[in-house]
Amino acid sequence: MCKGAICKPVLRIWILSLLGLCLGVQSASAAITYHPIKVPGSVSTSVTGVNSNNQVVGYYSGNVGGFQGFMFSGGTYTTVNYPSAVNTLLSVINDSGEILGYYDDGIVIHGFTLISGQYSSFDYPGANYTYTSGINNAGQIVGSYFSTPNTLSGFVKTINGSFT
C-alpha cells in the first residue's frame with residue numbers, strides 16, 4: 001500500500017492518464033465509419049486491401065466452395081480470377097491499381113500480379129507454395145513461401161523481378 005506524499009501525485013498522474021486515454025478513444029471512435037463489403041450472392045467475403053483511390057480487393061466463396069477474387073470500385077463488384085485457377089485470392093491493390101494475389105492450380109500455390117489487365121504468375125525459386133501479402137507504389141512485392149521441408153520464410157521481389 002502506498003503511504004506518504006508520493007501517493008497523491010502518482011494517483012493524480014494515473015487518473016489523468018486514464019482520463020486522457022478515455023477521451024482519446026472517444027474522439028477517435030467518433031470519427032470511424034464502417035462500410036460493409038459483401039459480394040452479392042456470396043456465402044462469405046474477406047476484404048484484404050484498399051488503396052487511396054478507395055478501390056477494395058479481397059476474395060469470396062459461394063455455395064459451391066472455392067475462392068474467387070474480387071475488386072470493389074465505384075460501387076461495382078468485379079470478379080478477378082487468375083485464368084484456369086482452382087482458387088484465386090487477392091491480397092492488396094496499390095495506388096496505381098496494380099493488384100497482387102495468389103492462386104491455386106490444384107497442385108501448387110503461385111503468386112501473381114494483375115497490371116493493366118495483364119496477369120503475370122511467379123514463384124519464389126524452389127518454393128512449394130508462394131503467398132503474396134503486399135505491393136507498394138513502386139511495384140516491390142512482399143510475401144512468404146514454403147520450401148522443403150515446409151519451412152515458412154519471407155521474401156521481397158524487386159521491380160526488376162529478382163528476389164531478396
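Two strands pair if DSSP finds at least two bridges between them. With that in mind, the strands of this predicted model can be followed from one to the next.

Strand 3, residues 67–73, meets strand 4 through five bridges, and the two pair in the antiparallel sense. Within this pairing, Phe70 stands opposite Thr79 of strand 4. Both strands belong to an open sheet of four strands, arranged in the order 1-2-3-4 with antiparallel pairing. At the edges of the sheet are strand 1 (44–50) and strand 4 (76–80); each has a single partner strand, so one side of each is left without a neighbour in the sheet. From one strand to the next, the twist averages 30°. In general, strands of a sheet pair through backbone hydrogen bonds, either parallel or antiparallel.

The next topic is the packing of nonpolar residues. In soluble globular proteins, nonpolar side chains tend to be buried together. Here the largest nonpolar core has ten residues, namely Val57, Met71, Val80, Tyr82, Leu90, Ile93, Ile99, Tyr103, Phe112 and Leu114. Strand 5 (87–93), strand 6 (99–104) and strand 7 (109–115) are the elements that give two or more residues to this core. There is also a second, separate core of nine residues, with Leu100, Tyr124, Ile135 and Tyr145 among them.

Tyr103, a member of the largest core, has contacts beyond its neighbours within four places in sequence, including Tyr82, Ala85, Asn87, His110 and Phe112. One of these, His110, lies in strand 7. Is His110 buried or exposed? Its relative accessibility is 10%, so His110 counts as buried. The side chain of His110 makes a polar contact with the side chain of Asp105 at 2.7 Å, and another with the side chain of Asp123, also listed at 2.7 Å. Setting aside neighbours within four places in sequence, the residues in contact with His110 include Gly101, Tyr102, Phe122 and Thr130.

Tyr119 sits in strand 8, residues 118–122. With 30% relative accessibility, Tyr119 counts as partly exposed. A polar atom of the Tyr119 side chain lies 3.0 Å from the backbone oxygen of Asn81. Not counting residues up to four places away in sequence, Tyr119 touches Val80, Asn81, Tyr82, Pro83, Phe112, Thr113 and Leu114. Val80, Tyr82, Phe112 and Leu114 also appear in the largest nonpolar core. Another member of that core is Ile99; Tyr119 and Ile99 are 20 residues apart in sequence, and their C-alpha atoms are 9.4 Å apart in space.

The last part of the walk concerns strand 9 and strand 10. Strand 9 covers residues 129–135 and is joined by six bridges to strand 10, residues 141–147, with the two running antiparallel. Thr130 has Tyr145 in strand 10 as its bridge partner, and Tyr145 is one of the residues of the second core. The hairpin of strand 9 and strand 10 has five residues between the strands, and Gly139 in this hairpin takes a positive phi near 90°.

Thr132 is also found in strand 9. Thr132 is buried, with a relative accessible area of 5%. A polar atom of its side chain lies 2.9 Å from the backbone oxygen of Gly101. Apart from neighbours within four places in sequence, Thr132 is in contact with residues including Leu100, Gly101, Phe112, Phe122, Val142 and Gly143. Among these contacts, Phe112 belongs to the largest core and Leu100 to the second.

Terms used:
Residues numbered from 1 in each chain as written. Predicted model: local features only at pLDDT ≥ 70, side-chain atom pairs only at ≥ 80, totals over all residues. Heavy atoms only, no water. Axes fitted to C-alpha atoms, helices over the stretch in contact; angles between N-to-C directions. Buried < 20%, exposed > 50% of the residue type's maximum accessible area, 1.4 Å probe, protein only. Polar contact = N/O pair within 3.5 Å; in protein donor to acceptor, adjacent residues only side chain to side chain. Contact = heavy atoms within 4.5 Å. Core = buried A, V, L, I, M, F, W, Y, C linked by side-chain atoms within 4.5 Å.
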